[in-house]
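Got the model open in your viewer? Let's take a walk through it together, one region at a time.

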Amino acid sequence: MSEKVCISQKRLRVLNLLILFILAGAVSGQEIKQLSREGKDGRFYITGLAAGEKYYLDASVPIVSFKVNGKEFDETEKGSGIKVSFVENKAQEKGIIGDITFINISADTLTLENVVPFGTKQKTMYITGKGNHGLSRTHLFLPGRAPVNCIVPDNAWEMGYSSTELDGNLALCALVRRDAGSASKSKLSRFETRLFPGGSVKYHLYADLYTGEWQNGLRKMFQERKLHDVESFDNSLYQRKDLQWFKHTYVMHLMMAWDKYYTDYKTGQSGLPDLLAKGKKLYGGDDAVCLWPTWPTLGIDQRNQFDLFRDLPGGMARIRRDADYCHSQGTAFFICYNPWDESTRNEGHTEGLYKLIKQTGADGVVLDTKGSSSLELQHAADSARAGVIMYSEGFAVPKDMQGIVSGRVHNALYFPPLLNLNKFIKPDFAIYRVTEIAKEPVRREFAAAFFNGYGTELNIFIPGEPSWLEEQYRYLGQTTRILRENTHNFTARDETPLLPTLADSIYVNKWSLPQKDIYTILNLRPEGFKGNLFRVDQVPGSHFVDLWNHQEIKPVMHNGKHYAEVRLDAFNKFELGTNNEGSVGCIARLPVLLQTSLQNNILSIKATSGKQIRVWKNKPDYATKAVELPAGDHEVNLLHHFGRYEGRLVIQLMDNGILLDERVEQIIPGTPRLMSQTERSLAKGSTEGMVKIPSGTFTFKTTHGDDFISYPDYNEGKQIKVPGFIMDKYPVTNEQFSRFLKATAYQPSDTANFLKHWKNGKYLPGQANFPVVYVSYEDTKAYAKWAGKRLPTEVEWQYAAQTPDCREWPWTSVSKNIRRDPEPVTSTLTVYRIKGLDSVYANLGNGKMEAVGKHPKGANPYGLEDLTGSVWQLTNDIYISGSYVYIIMKGGSYFNPSSSWWYVQGGPRELHYRQYLLRVSEGFERNATVGFRCVKDI
């Protein structure tokens, strides 16, 4: 029988033994009543609530495994020199509890460590020590994965934990804690117990059942039971509204009073404005700064810690001004407190602290050397002002978390472990990782804090401002923005650490709220990663966004389940094992609250909830400013706000700084975007020489020549409803333009080629009714404004020319017989000849300009003439296409070069044909073949 089958049968037997008591426990809320041993084989059994019921565990499961002098044993094995005894206690309100006693029965001194309940074999997961690190030995072990270094409370270094899958959805979680007071003939250290001959030590065992993934067992023992460090947790401090602000903060600077960013010793000027201004651009600003004028100068004379504050330049009034300035910038102001200051000038600590807070207006106190606070200290702060935070230097253990709401991950542990289980124990306890930025690049510090959902204390006590600091601060800005904008996820109770992944050395934590999930990712693979990584649930009305790379993603099916496809940056391999290793990522499941679409140059946005819409160029960045709009419906002119920028647009829906939804649109480089605007010109005054174009609908389809520079296609194939207007029957003539010049004395700013075909400011005899040419777009706009008209858009020109039946040519009688056929001219050249077209309808491209109205049979049903074969006719539409700007022209012209197909194809052109006029300068754009006609609005 295979090992896999054996394990399966064992699990099945355990399930059969436990199923009845589970049903009973579900009713009472108590799951395990008693864990005991019986018989010669020492089999464990669980007693349920029903009298006489016993549910046996498999005989191969030990009560505990442990290491002696580096070798692993369990209590059934001989040769360890340790006698193990287990005594169960009475049923507890929460699960069961028992005592395991280890006695050294050998003649040697033995080192006991790595005590794990129910052993380490065949476990879903377990936690114990690995290696011989003095501060960071605790690791979390998962089957088939590299162990994960993790942080546990400072009074639980020696703890052991295991999660044993029983069958299906049922599992057993267990915890052991050393009872230091029970030790006899022994020496205790953080992770080991040295047992001298005859020495003994007791461990308490706690066990319970849970359902679901292994993280649920961890949640029960760590988060709900607080490692059994305290029977009933007093949460009243966390429920105080005046203290809740700090759990939503993520960046703090600690500085000494002699730092340049506090005081310039020559000028006495404050450096805080420079520090705060720089921080806003790089990482969104400091949530708090702390002033530290005491250690290491405290004790040089009899002055106490409060005296040193008073003796700073400007005294308390100056400190108060600094605090007020910080408040004006949205930054809290902290002071330090040294509880060990007992040998200088005598002054009551609580009274001194009260006065210091009162006089400075401080928002918080850093408790030097302390891992806890006290009712006296909090009362002193509360008496001075509401909302003052106590912030411990050492990290509070679970029982001490009742008296303080924030603290550090101390940098005595310089290389931070990957997972901090203190955050899991109490998610709303505000944590900051201490980071010394002068030593070396510390991107991993920021990455680890981000992965664990807490802040960074930038400790600048050690002097130095390296050249790479600004780049590191920008990286902090990326991580901090995500933390701030999703802070309610990171302070809620529903964290799921270390989700299963399809790739090792990449770690994922999940932070859940009903409407939003945040997945923080830490990658330790130098080559980076791109592919399916972890399972996600598809929730109707939600979508997924990569918040690090700002891309919308769609979950991919893999083995019948949905997976998030993740892209993680590479990093230098030589940085492995340093404080600059790794890269991060972040995936969010967000409710669909934003609707966006990109049509040419207009970004349409619709948001029915939230308070603010932000539109970012490329990505959110503290060094730039978004276009900010109130929630609602908007059409954003991208050229107006972002100029020629091409690329990603990130649209965020916010509510008081919290991200509600994010969408991403893309301007593909080289996409032509309409940059001109149409100003309505109502039909006042004379409409002589104009014809009425009734409103209607037509299908906008276009053709064009060389597509080396792309033409706009955002309206292509669409049915467009066009309001009625009035249009010039003919292109504007020399005579009409001459009247404009006489009336206005118009002179263009660029006179090159202006009316080049005129002599001495007058058109030639016999050309009064010729279309005016050698005019620029600006010239035509000036004329139109004088005439009370405007240039038509391309859509208007084409609709008026084609009419709703979308004709190819203005007339209909021969339209089906007109075609452009290729004819060989040389072996390497092909040109196009127009067949089926008679000169009675239009100039066929003979190279000679003609007077308007010469081809009345070429009129369309609305009475418009000279729509094709006369002159290229400018429209109002100007497009920007990356590096280029051009105007759309219609209608073809009298000139049709035929010796090469590289030429602009002139002659009469189909009404759907378009040609761009590239913008260089007004003079360059004035051509002998380009004119215009105007319209008025009804």
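What follows starts with confidence, then turns to two sheets, and ends with the empty spaces.

Keep in mind that this is a predicted model, so a word about confidence comes before anything else. The protein chain averages a pLDDT of 90, and 90% of the residues score at least 70. Residues 1-30 are another matter: over that stretch the pLDDT is below 50, though the model still gives the stretch 43 contacts beyond near neighbours in sequence. Residues 48-52 also stay under 50, with nine contacts beyond four places in sequence.

Now for the first sheet. Look for six strands in an open sheet, ordered 24-25-26-32-28-29 and paired antiparallel. At its edges sit strand 24 (495-496) and strand 29 (551-553), each of which pairs on one side only. Let's zoom in on the strand 24 edge. Strand 24 and strand 25 (residues 506-512) run antiparallel and are joined by two bridges. If you want a landmark there, find Glu495, which stands opposite Trp511 in strand 25. Then look for the helix that goes with this sheet: helix 10 (residues 443-451) lies across strand 25, strand 26 (517-523) and strand 32 (583-591). Its direction makes an angle of about 150° with strand 26.

Further along the chain there is another open sheet, this one built from three strands in the order 41-45-52, again with antiparallel pairing. Strand 41 (690-693) and strand 52 (935-937) are the edge strands, pairing on one side only. On average, neighbouring strands here are turned by 25° against each other, direction ignored. Three bridges hold the antiparallel pair of strand 45 (residues 725-728) and strand 52, and in that pair Phe725 stands opposite Asp937. A helix lies across this sheet too: helix 16 (residues 794-802) crosses strand 41, strand 45 and strand 52, at about 80° to strand 45.

Next, the gaps between the atoms. Rolling a probe the size of a water molecule over the atoms shows where empty space is left. How many cavities of 30 Å³ or more does that give? The count comes to eight. The largest cavity holds about 90 Å³ of space. It is lined by 14 residues, and the closest to its centre are Asn843, Glu850, Asp866, Gly869 and Ser870. By class, that lining has seven nonpolar, five polar and two charged residues.

The second largest cavity holds about 70 Å³. Among the residues that line it are Glu113, Asn114, Arg137, Trp157 and Phe191. Strand 8 (110-117) and strand 9 (125-129) each supply at least two residues of this lining, which divides into three nonpolar, four polar and three charged.

Finally, there are pockets, which are open. The largest pocket has a volume of about 1,000 Å³. Of its 37 lining residues, Glu213, Trp214, Gln215, Leu499 and Pro500 are the closest to its centre. Which elements give two or more residues to the lining? They are strand 13 (170-188), helix 2 (214-224), strand 25, strand 27 (529-535) and strand 31 (561-568). Helix 2 gives the most, with four residues. You may recognise strand 25, the partner of strand 24 in the six-strand sheet. As for the make-up of the pocket lining, it divides into 19 nonpolar, nine polar and nine charged residues.

Methods
Residues are numbered from 1 along each chain as its sequence is written. This is a predicted model: local features need pLDDT of at least 70, side-chain atom pairs count only at pLDDT 80 or more; totals for chains, interfaces and linings use all residues. Side-chain values use heavy atoms; hydrogens and water are left out. Two strands pair if DSSP finds at least two bridges between them. Contact means heavy atoms within 4.5 Å. Axes are lines fitted to C-alpha atoms, for helices over the stretch in contact, and angles run from 0 to 180 degrees between N-to-C directions. On a 1 Å grid over the protein atoms alone, a cavity is a set of points where a 1.4 Å probe fits but cannot get out, and a pocket is an open set with protein on both sides within 12 Å along at least five of seven lines; lining residues have an atom within 4 Å of a point. Grid points are joined across faces, edges and corners, and a volume is the space filled by probe spheres set on the points. Ala, Val, Leu, Ile, Met, Phe, Trp, Tyr, Cys and Pro count as nonpolar, Asp, Glu, Lys and Arg as charged, and the others, Gly among them, as polar. pLDDT is the predictor's confidence in each residue, from 0 to 100.
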